[in-house]
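Q: Please take a close look at one part of this structure, a strand and its surroundings, and walk me through it slowly.

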Amino acid sequence: RVIRSIPSTAVVDELGKFTPQNLDDELHDDELTLLKKLKETVPAASEFGDRFLASCLFARKMDLKRTEKMLKNHLKWRESEKLTKMPEWNDINKEMLLCDFGFKIPAARTKNGCGLLYVKMGNLVPENHGPTFVDDIVNLIIWNSMTGNFYESLDYNRNGCVFVVDMYGVGWKNISMSLQKKVSSAMIDNFPLLINKVLLINPPSILRPLLTGIGFFVKKKVMDKIAIVEMSELKNWIDDECLPVEFGGKSKYTIEKYISFMDRLSKVDRQETLMLIAQKSTRARRNAQHHPLPGQLVRGRSQSF
């Protein structure tokens, strides 16, 4: 039983554009060597696809023992949650997505090369989504962690992700403690989610007690990455073309475009993808320069934030 991260070869390398790519083209030689060692020495690795394994290595700073622990925890978590099947794109509640509470622009990066996820927390009202709300959100997070994020090139996982959260209009109506318990530490410990920074704009008056509440379920090292900034300051991190209009940038990308984009990619024929790779794949990415935020691993070296 192999828990594949699909697609194993598809990446987005330009804004809104899909290009087949081979894993060998995305990893440096030392990363490929460590991935091979992980597969040869850690039995749990046989349960997962290569892109997921590489991302777990990035999330654990290329430490084999810590990565092995993560993989084992993931399998235990799946068993405890009775997850016999990973959610697919068709399983995601699109009506919930259309509430426009969060999306990403394919291939958009910060100026330092980190992935981006935009959240409009005020648009997410749990009571509007019925009794399946928590399960629907968990399905979305799992799908992103096991599949959706792997449409991006692996620098998305190597360099980590910056969350940009607009908290305009947020009140207690937007808070679900049952969801916080479900997706906090358990999800962070079991999936290769490398959070670099959480930038909050338009904070409401309830923010301080809200963060205190969330702090009971989220690790301190994650809470320490949260910063409150002015919207105009986002341009210090993000170029206009990667910053949505509603966040002060010039991108007109929408959740509707993202859904359409994923609908198209989910229908890409596997054999056609492999044929394209055989024809077009080069090793150009291997020596490409990556620009993680300070504090992230760069070919075995770390910088302080």
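A: A good place to begin is a single pairing, in which Val119 has Val165 of strand β5 as its bridge partner. This comes from a predicted model, in which local features need pLDDT of at least 70, side-chain atom pairs count only at pLDDT 80 or more, and totals for chains, interfaces and linings use all residues. Residues are numbered from 1 along each chain as its sequence is written, and side-chain values use heavy atoms, with hydrogens and water left out.

Strand β4 (residues 115-120) runs parallel to β5, and six bridges join them; two strands pair if DSSP finds at least two bridges between them. Val165 also has a bridge partner in β6, namely Leu200, and six bridges join β5 to the parallel strand β6 (residues 195-201). Helices (H or I, at least four residues) and strands (E, at least two) are DSSP runs, numbered from the N terminus.

Six of the six residues of β5 (residues 161-166) are buried, where buried means under 20% relative accessible area, exposed over 50%, and partly exposed in between (1.4 Å probe, protein chains only). In a regular strand the side chains alternate between the two faces of the sheet. In β5 both faces are covered, with Cys161, Phe163 and Val165 buried on one side and Val162, Val164 and Asp166 buried on the other.

Turning to a helix, Asn157 lies in α7 (residues 155-159), and Asn157 counts as buried because its relative accessibility is 5%. Leaving aside neighbours within four places in sequence, Asn157 is in contact with residues including Ser55, Phe58 and Leu194, contact meaning heavy atoms within 4.5 Å.
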